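Take a look at the model below before reading on. Keep it in view as you go through the report.

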Amino acid sequence: MSLKRTPLYPMHLKYNGKIIDFGGWELPVQYEGMGIIKEHNMVREKAGLFDVSHMGEIIIIGDRAEEMVQRLVTNDVKSMQDFQVMYSPMCYPSGGVVDDLLVYRYDSKNYLLVVNAANADKDYEWIQQNLIPGVEASNRSAEYAQLALQGPAAQQILQKLTSLDLNAIRFFWFNPQVNISGVECLVSRTGYTGEDGFEIYVQPQQAEFIWEEIMGAGGEQISPIGLGARDSLRFEAKLPLYGQEIDQDITPLEAGLGFFVKLEAGDFIGRSALLKQKQEGLKRKLVEFSMLGKGIPRSHYEVEVGGLPVGHVSSGMHSPTFKQPIGLALLNMEHCEAGTEIDILIRNKPVKARVGKGIFYKKKTKSK
Amino acid sequence: MNIPKKLLYTKEHEWIKVNGDKGHVGITDYAQHHLGDIVFVELPELDEEVAAGESMGVVESVKAVATLFSPVSGQVMEVNEELEEAPELLNEDPYGNWIAIIELSDQGDLEGLMSADEYKSYCETLE
């Protein structure tokens, strides 16, 4: 199978991106002369520009669109106002997760769902299977390029390119018609880094132009950022990654995403399983941990207590901000209390770690 | 790509600098460049007997875990403990920062290694 390229591929070559195969997409893991740690710190301290055009875009249109989207996702879609964005898991009847996504509401008959690249086809199929009369779904992924501009300097940089006061776009809201350097873009104050910032959707043929405009406006304050730092940034901010913190066998409640499961919102797919799980109590859940012994925890490493398996690491790495390894693990309930000592099996050797709470990066997003 | 002339190289991107029956071992510029930011080094064990081509340690970057293979058979005489505190030294100066010193048990092992020119050609085939 041949690899897919985003409309910004020429920019990755121009800025010397180190291209890898990311789930069938040719994307930069990092940029020459920078590297994951420098790119990571750039986003925490100034600003970074990401190509996230591989993300999938699915539109849901029709008289009963609101009802349809509410049926698909676990969060309270009916509470949304026009031009609001909402994060939500989308579940199977079992309560396992199909995907996690952003819901953009234009109005009650018109929604845009932004889904993970690797899941886009699966999601579209799932939505088609569950379609109700009076609603149409359509996979528009190829019609959107997407850039993420993230970091404390993001607003100041983007403001140079538009006459719209960006303060008007609040956290998890969007404006579908922002004129950026003469090009109409959809701009939302959203992101996947734990920093303030924007996600910018634009027609593919305008993507390179917008990229260069933002890079030019950012000057010394900005750098292109690859997938490596995208992962380390989202990880430090404890934002879930599909396939690690959540998947078809892990429910949002187990993954600590209960805030995004509104059991009273309506009869969404997976509701009865999640309700039952909530009533019976969780058997396992996601916890933070820090290392006591030497070693770096990695995704899928086993966790033991007293030589017996009690769970696994969902994500783990050397945190560039804290300059030490930290991790997230899905553990049996009896080992989840903060302070509990656990063993991470690193190359089949148990290495001591301790369950913690509040040890991850405190998000700087403007949530109010 | 920096490939010093006087060293010998493995296909797994280790270098060895042989002096009599002692060999300083490290990772190459190619290795550090491809790993990216190195954040952890698991050193070989002191006095451990290692065999040519076998695992004796680990080098981890933010993204990747790479096994360190011994270029030769012998005994680990010394390890560079500085790397435990400052693993990034392997990025900054991969040939100035050795990982272990091995006492060679068989000089014949060196015949299986690549010269700088051979290693350079080998790396070119990987690009």
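This report covers a barrel, a helix and a contact between two chains.

## The model

The structure is a predicted model. Keep that in mind throughout.

## A six-stranded barrel

Start with the barrel in chain A. Six strands close into it, in the order β14-β17-β16-β15-β18-β19. Their pairing is antiparallel. On average, neighbouring strands are turned by 45° against each other, with direction ignored.

Strands like these are held together in a general way. Strands of a sheet pair through backbone hydrogen bonds, and the pairing is either parallel or antiparallel.

## Strand β16 and its two partners

Now pick out β16(A). Is this strand largely enclosed or left open by the rest of the structure? Nine of its 12 residues are buried, so β16(A) is largely enclosed by the rest of the structure.

In the barrel order, β16(A) stands between β17 and β15. Take β15(A) first, which spans residues 302-305. Four bridges join β15(A) to β16(A), and the two run antiparallel. A:Glu302 has A:His312 as its bridge partner. A:Val305 is partnered by A:Leu308. The two strands form a hairpin with two residues between them. In that hairpin, A:Gly306 takes a positive phi near 60°.

Next comes β17(A), residues 324-332. Eight bridges join β16(A) to β17(A), again antiparallel. Here A:Gly316 stands opposite A:Gly327. This pair of strands also makes a hairpin, with four residues between them. A:Lys323 sits in the turn and has a positive phi of about 55°.

## Helix α6

Move on to helix α6 of chain A, residues 207-218. The helix has 12 residues. From first C-alpha to last it reaches 16 Å, close to the 16 Å expected at 1.5 Å a residue.

Which residues of α6(A) are buried? They are A:Ala207, A:Ile210, A:Trp211, A:Ile214 and A:Gly218. Seen down the helix axis, the buried residues fall within an arc of 105°, so they line one face of α6(A). Just after the helix, A:Gly219 takes a positive phi of about 55°.

## Where the chains touch

How many residues does each chain give to the contact? Chain A gives 11 residues and chain B gives eight residues. On the chain A side, β2 (25-31), α2 (36-45), α7 (227-236) and β16 (308-319) each supply at least two residues. So β16 has a part in both stories: it is a strand of the barrel, and it helps to form the side of chain A that touches chain B.

By class, that side of chain A has five nonpolar, five polar and one charged residues.

Terms used
Residues numbered from 1 in each chain as written. Chains lettered and ligands numbered in written order. Predicted model: local features only at pLDDT ≥ 70, side-chain atom pairs only at ≥ 80, totals over all residues. Expected span 1.5 Å × (residues − 1). Buried ≥ 20, exposed ≤ 12 C-beta atoms within 10 Å, placed from the backbone. Arc of directions from axis to C-beta. Contact = placed C-beta atoms within 7 Å. Nonpolar A, V, L, I, M, F, W, Y, C, P; charged D, E, K, R; others polar. Pairing = 2+ DSSP bridges. Axes fitted to C-alpha atoms, helices over the stretch in contact; angles between N-to-C directions.
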